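The report below follows the strand pairing in this model, beginning with one particular pair of residues and widening from there.

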Amino acid sequence: MCKHVLNAQVAIRSPCCRKWYDCAECHQETSDHPLQQSFDMTFACKKCKKCFRKDAREFEDSDEYCPHCDNHFVLEARTPKASLQVEGEDVRKDSRMLKDDRVRAEEERSIFNVKDAANRLG
Ligand SMILES: [Zn+2]
Ligand SMILES: [Zn+2]
Ligand SMILES: [Zn+2]
């Protein structure tokens with residue numbers, strides 16, 4: 001459980017450095033490079049501790065559940081700060097310019113928003 005997303009159900013492996021993070025902000029705090037996003041996403045369920053992969057381009061409603069234990073892992077991220085939904089630009093491009101906490105919260109949410117990732121990347 002990380003300090004940014006209080007209800008994280010899965011860890012996600014970052015495509016860039018192949019480490020496990022609960023959210024994009026954890027990656028940001030411990031890395032010297034921006035988080036790379038990928039269609040091919042690897043998750044580890046925190047409930048059953050098993051790993052599974054999803055393709056963000058083919059993500060359907062049934063894919064919001066862990067294939068091993070049916071844990072519903074796609075949730076609105078519950079963050080310590082109030083998060084405002086901002087219509088997302090590509091966060092990879094914008095992250096250097098972001099100063100506003102609300103925008104940072106949006107950036108942090110983005111890795112969990114797999115359905116949206118297809119739009120972002122496609
Ligand atoms: Zn990385
Ligand atoms: Zn975090
Ligand atoms: Zn599971």
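## The S1–S2 hairpin

In this predicted model, Arg13 has Trp20 of S2 as its bridge partner. The strands concerned, S1 and S2 (residues 20-21), run antiparallel and are joined by 2 bridges. Together S1 and S2 make a hairpin in which 6 residues lie between the strands, and within the turn Arg18 adopts a positive phi of about 60°.

## The two faces of S1

Strand S1 covers residues 10-13, and its side chains alternate along its length: Val10 and Ile12 are directed to one face and are buried, whereas Ala11 and Arg13 are directed to the other face and are not buried. Of the residues on that second face, Arg13 is the one paired with Trp20 in S2, while Ala11 stands opposite Ala44 in S3.

## From S1 through S3 to S4

S3, which spans residues 40-45, runs antiparallel to S1 and is connected to S1 by 4 bridges. S3 is also joined to S4, again in antiparallel fashion, by 5 bridges, and one of the residue pairs here sets Met41 against its bridge partner Lys54 in S4.

## The sheet as a whole

The 4 strands form an open sheet with antiparallel pairing, in the order S2-S1-S3-S4. Because S2 and S4 (51-55) stand at the edges and each has a single partner strand, one side of each is left without a neighbour in the sheet. In general, strands of a sheet pair through backbone hydrogen bonds, in either a parallel or an antiparallel manner.

Definitions and conventions
Residues numbered from 1 in each chain as written. Chains lettered and ligands numbered in written order. Predicted model: local features only at pLDDT ≥ 70, side-chain atom pairs only at ≥ 80, totals over all residues. Buried ≥ 20, exposed ≤ 12 C-beta atoms within 10 Å, placed from the backbone. Pairing = 2+ DSSP bridges.
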